Amino acid sequence: MTLLEKIENNENLTHEEGLNLYEMDLIELGKIANKIREEKFQRKTYYNINRHINPTNVCKDVCQFCAYSASRKNPNQYTMTHEEILDTVSKSVNNGIKEVHIVSAHNPDTGLEWYLEIFQKIKQKYPHLHIKALTAAEIHFLAQQYHKSYDEIIDMMCQYGVDSMPGGGAEIFDEQIRKRVCGGKVSSQQWLEIHKLWHQKGRKSNATMLFGHIENRSHRIDHMLRLRDLQDETGGFNAFIPLVYQKENNFLKVEDFPTAQEILKTFAIARIILQNIPNLKAYWVTSSIKLALLAQEFGANDLDGTIEKESINSAAGAASANGMKQNEFVELIKNSGFDPVQRDSLYKELD
Ligand code: V47
């Protein structure tokens, strides 16, 4: 059977076959990815109205790519109070958000309650607001710091009102590269184990991949294959999100940045390899809005949302500090030839 026939029959590709896809002509690759996208979603592109909140940047870990985290002695460190977080949520609810995405650094000073009780407070005030919060990296940090099992932290998340888990902290699973870019935090195996436990509770999550730094194509394929295997087991991933590395204000020394062609190929290959994960998100924050719109032709069917404010990637150079207005977002999708469809956090269509 040829590679194209294997893809048509939705058969699992090997690592070598995945790598061979990178050798294909970009437009040919795009056509294959687009066919898969159109069969599932036609010309629809999903977006949601959401708000990102990053409540503290104080972090006990030092990831080489991160420009957001601050040590305890850093004059730019901050930790929001629950009142400040609630106030931010209230203002965003008035602006029409349906989801709050809460991700923090690994702050050893706040206590477990600070991390968890805010979810309960938000849920009590806004029962219909979807809370997407705590990456597997944060869950690992909380488990270690407060001597709990992953299961105990996950049970507390459910009890305190977290609805779904974001896909952060996956970075790149290859152990050698991981040691160089973020040694010390959650391992690849632990990241996958935490998502598996979450899925076993009947909950959904996302998965990211940070690329365009010191990893190579082979590491990206390996990353996707490990996700595909877990998804075959649990079916709990809603979306795969390739994050393009941002280079400002961090410690990682990178010589070669991926071209637009390499980024688009990575999106197309993700759509082909990860046919068992329904949604492919072009997170406009890291790809730039222009490339995110183009990625719609290369398999992406989701552009994330309006965000309102973003601190992690904008610290590293992304043009996302102030989010995007809904009407502007919708117009951009329409003008690029796709049909914008507002979705909820679990991908139910809203209009
Ligand atoms: O895990 C940090 C990444 C992630 C840089 O689940 C960087 O819906 C690029 O996970 N260049 C956090 N990326 C963001 C994240 C996310 C975003 C949007 C939606 C969802 C979702 C999840 O940001 C981290 C890390 O991989 N990151 N520094 C950087 N210099």
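Hi everyone, let's start with one pairing: Tyr-47 has Gln-342 of strand 9 as its bridge partner. Before going on, please note that this is a predicted model, where local features need pLDDT of at least 70 and side-chain atom pairs count only at pLDDT 80 or more, while totals for chains, interfaces and linings use all residues. Residues are numbered from 1 along each chain as its sequence is written, and side-chain values use heavy atoms, leaving out hydrogens and water.

Helices (H or I, at least four residues) and strands (E, at least two) are DSSP runs, numbered from the N terminus. Two strands pair if DSSP finds at least two bridges between them.

Strand 1, residues 44–48, runs parallel to strand 9, residues 339–342, and four bridges join them. Strand 1 also pairs in the parallel sense with strand 8, residues 302–305, over two bridges; there, Asn-48 has Gly-305 as its bridge partner. Is strand 1 enclosed or open? Four of its five residues are buried (under 20% relative accessible area, 1.4 Å probe, protein chains only), so strand 1 is largely enclosed by the rest of the structure.

Now to another sheet. Three strands form an open sheet in the order 5-6-7, with parallel pairing. Strands 5 and 7 stand at the edges with a single partner strand each, so one side of each has no neighbour in the sheet.

Finally, meet His-213, in the loop between strand 5 and helix 10. At 6% relative accessibility, His-213 is buried. Its side chain reaches the backbone oxygen of Leu-210 at 2.8 Å. Thanks for listening!

Notes
Buried < 20%, exposed > 50% of the residue type's maximum accessible area, 1.4 Å probe, protein only. Polar contact = N/O pair within 3.5 Å; in protein donor to acceptor, adjacent residues only side chain to side chain.
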